[in-house]
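Q: I am new to this structure and would like a close look at one part, its interior. Please describe what is packed there and go on to what surrounds it.

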Amino acid sequence: MSQDDLKLSVARAAVNYVPEGKIIGVGTGSTANFFIDELARIKDRIAGTVASSKATAERLVSHGIRVFDLNDIHDSIPVYIDGADEISGTGAMIKGGGGALTREKIIASASDRFICIADESKLVTTLGKFPLPVEVIPMAHELIARKLDALGGQARLRLKDGKPFITDNGNVILDISGLQIARPEELERIINNMAGVVTVGLFAQRGANVCLLGSPDGVKVLEFDK
Ligand SMILES: O=C[C@H](O)[C@H](O)[C@H](O)COP(=O)(O)O
């Protein structure tokens, strides 16, 4: 089974978590894209979506799925469905490999349940092998990089085609490698408290409620106490 087969299997399983007649939150990335394509099959059964990136909004609209502005939604969102770069046995995640971490965290915080969809390669004992993304206000990236280095990692400005990668919010991203994240909630708080940081891609204070993990033996369902 290829990695794409595993992503497709969890995307299909996630459709069972979509409530009828509601607005749901939709994540970003290759696994979320498989989910969007599956969601298109049942689009008449939902009221619409809130998208975590411009790319996701475009894909949803291309399928004829309605996308709402979060400011126009006054109730909580029942579910948010998204991938992850790493997930631990407690449901804490590293996210932001695609640069969408800030909008993802906003929609996750507005949602009752976070359903993570991932292939089994994403499940880790300790978070940190995947470089931890941090979205930063552009004028502060050198300052923040020094502070992140002092935490024991090596922060590098994310580049695309030789130029700084710019997020949907007009900011830049620092990727921190070399971390072994033993206490994700604590590190999330420390990095979020640095002036100039918009969001750290650690989703620990608001981790996943459920993870649908794709494996060659089928989709495993991990449930986390929240
Ligand atoms: O910014 C991107 C998101 O956090 C993605 O959910 C994450 O990078 C996982 O993406 P993929 O499903 O492509 O591995």
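A: The largest nonpolar core has 60 residues, and the members that touch the most others are Cys 116, Ile 117 and Val 134. The model is a predicted one. At least three residues of this core come from each of two domains: domain 1, which covers 3–123 + 205–223, and domain 2, which covers 132–197. In soluble globular proteins, nonpolar side chains tend to be buried together.

Val 134 can be followed further through its contacts. Beyond its neighbours within four places in sequence, Val 134 is in contact with Ile 144, Leu 148, Ile 173, Leu 174, Ile 176, Ile 191, Val 197, Val 200 and Gly 201.

The other two residues, Cys 116 and Ile 117, lead to strand 7, which spans residues 111–119. Strand 7 is largely enclosed by the rest of the structure, because 7 of its 9 residues are buried. Buried here stands for 20 or more other C-beta atoms within 10 Å.

Strand 7 belongs to an open sheet of 7 strands with mixed pairing, in the order 3-2-1-4-7-16-17. At the edges of this sheet are strand 3 (67–68) and strand 17 (218–223), each of which pairs on one side only. Strand 7 itself has partners on two sides. With strand 4, strand 7 pairs in the parallel sense over 5 bridges, and Ile 81 stands opposite Ile 115 of strand 7. With strand 16 (residues 210–215), strand 7 is also parallel, again joined by 5 bridges. On that side Ile 115 stands opposite Val 210, and the bridge partner of Asp 119 is Gly 214 in strand 16.

Strand 7 also helps to cover helix 2. In this helix, residues 30–39, the buried residues are Thr 31, Ala 32, Phe 34, Phe 35, Ile 36 and Leu 39. Their cover includes strand 7 together with helix 1 (3–14), strand 1 (23–26), helix 3 (54–62) and strand 4 (77–82).

Helix 2 has a second place in this picture, at the ligand. There are 18 residues around the ligand, and Gly 29, Thr 31, Gly 83, Gly 97 and Gly 98 come nearest. Helix 2 and helix 4 (101–109) are the elements that give two or more residues to this shell. The largest share, 3 residues, comes from helix 2. Thr 31 is thus listed twice: it is buried in helix 2, and it is one of the residues that come nearest to the ligand. By class, the shell consists of 10 polar, 4 nonpolar and 4 charged residues.

A further open sheet has 4 strands in the order 8-5-6-15, with mixed pairing. Its edge strands, each pairing on one side only, are strand 8 (123–124) and strand 15 (202–203). Within this sheet, strand 5 (residues 86–88) and strand 6 (residues 93–94) run antiparallel and are joined by 2 bridges. Ile 87 stands opposite Met 93 of strand 6.

Asp 161 makes a contrast with the interior. Asp 161 lies in the loop between strand 11 (159–160) and strand 12 (163–164). With 5 other C-beta atoms within 10 Å, Asp 161 is exposed. Although not a glycine, Asp 161 has a positive phi of about 50 degrees. Most residues other than glycine have a negative phi.

Definitions and conventions. Residues are numbered from 1 along each chain as its sequence is written. This is a predicted model: local features need pLDDT of at least 70, side-chain atom pairs count only at pLDDT 80 or more; totals for chains, interfaces and linings use all residues. A nonpolar core is a set of buried Ala, Val, Leu, Ile, Met, Phe, Trp, Tyr and Cys residues joined through C-beta atoms within 7 Å. A residue is buried if 20 or more other C-beta atoms lie within 10 Å of its own, exposed if 12 or fewer, and partly exposed in between; C-beta atoms are placed from the backbone. Domain bounds come from an automatic or database domain assignment. Two residues are in contact if their C-beta atoms, placed from the backbone, lie within 7 Å. Two strands pair if DSSP finds at least two bridges between them. A residue is near a molecule or strand if its C-beta atom, placed from the backbone, lies within 6 Å of it. Ala, Val, Leu, Ile, Met, Phe, Trp, Tyr, Cys and Pro count as nonpolar, Asp, Glu, Lys and Arg as charged, and the others, Gly among them, as polar.
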